[in-house]
Amino acid sequence: GGGSNFAGIAFPFIGQKMRGEATKTRFVAVEPTACPSLTKGAYAYDFGDTAQLTPLIKSHTLGASFIPPKMHSGGLRYHAMAPLISHL
């Protein structure tokens with residue numbers, strides 16, 4: 001969750017793109033509008049869980065207390081983006 005699936009699929013190809021080996025490759029990530037952590041979240045230190053027990057991680061986040069609408073069906077209810085995706 002939190003962008004790790006996108007990272008697992010895209011990172012090998014992003015590496016090729018950065019090394020100049022793949023010139024026509026384009027990367028498009030999508031996220032549900034109910035949990036727009038990458039496009040609407042702040043890039044800040046936040047807890048990785050809602051109980052606020054984990055170490056702080058720097059990522060795009062909607063806040064550890066964020067709760068999506070009841071109609072959200074985008075998978076896991078995670079309030080932040082994977083730190084490596086945020087770092088891109």
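Here are some questions and answers on a predicted model of one protein chain.

Me: How should the model be read, and what pLDDT do local features need?
Reply: Residues are numbered from 1 along each chain as its sequence is written, and side-chain values use heavy atoms, with hydrogens and water left out. In this predicted model, side-chain atom pairs count only at pLDDT 80 or more, totals for chains, interfaces and linings use all residues, and local features need pLDDT of at least 70.

Me: What pattern does the protein chain follow along the sequence?
Reply: Helices (H or I, at least four residues) and strands (E, at least two) are DSSP runs, numbered from the N terminus. The protein chain has three helices and two strands. Read in order, the pattern is α-α-β-β-α.

Me: What percentage of the residues of the protein chain count as buried?
Reply: Buried means under 20% relative accessible area, exposed over 50%, and partly exposed in between (1.4 Å probe, protein chains only). The protein chain has 88 residues. The buried part comes to 30%.

Me: How much of the area that the protein chain exposes do carbon and sulfur atoms supply?
Reply: Areas come from the Shrake-Rupley method with a 1.4 Å probe; for residues, only the protein chains shown count as cover. The protein chain exposes about 6100 Å². Carbon and sulfur atoms supply 62%.

Me: Which residues does S59 touch, leaving out those up to four places away in sequence?
Reply: S59 lies in strand β2. S59 counts as buried, because its relative accessibility is 0%. Contact means heavy atoms within 4.5 Å. With that cut-off, S59 touches A42, Y43, A44, A80, M81, P83 and S86.

Me: Is G3 buried or exposed?
Reply: G3 sits in the segment before α1 (4-18). Leaving aside neighbours within four places in sequence, G3 is in contact with M81, A82 and I85. Its relative accessible area is 19%, so G3 is buried.

Me: How far apart in space are G3 and S59, C-alpha to C-alpha?
Reply: In sequence, G3 and S59 are 56 residues apart. In space, C-alpha to C-alpha, the distance is 11 Å.

Me: Which side chains meet in a salt bridge?
Reply: Side chains of opposite charge can pair when their charged atoms come close. A salt bridge is a side-chain nitrogen of Lys or Arg within 4 Å of a carboxyl oxygen of Asp or Glu. A search of the whole structure finds one. At 3.0 Å, N to O, the pair is E21 and R19.

Me: Why does E21 count as exposed?
Reply: Its partner in the salt bridge is R19. R19 is exposed, with a relative accessible area of 55%. E21 is exposed because its relative accessible area is 53%.

Me: Where does D49 lie, and which residue has its backbone nitrogen 3.0 Å from a polar atom of the D49 side chain?
Reply: D49 is in the loop between β1 (42-47) and β2 (56-61). Not counting residues up to four places away in sequence, D49 touches T54, A64 and H79. The backbone nitrogen 3.0 Å from a polar atom of the D49 side chain belongs to L53.

Me: What is phi of Q52 near?
Reply: Most residues other than glycine have a negative phi. Q52 lies in the loop between β1 and β2. Q52 is partly exposed, with a relative accessible area of 40%. Its phi is positive, near 60°.

Conventions
Polar contact = N/O pair within 3.5 Å; in protein donor to acceptor, adjacent residues only side chain to side chain.
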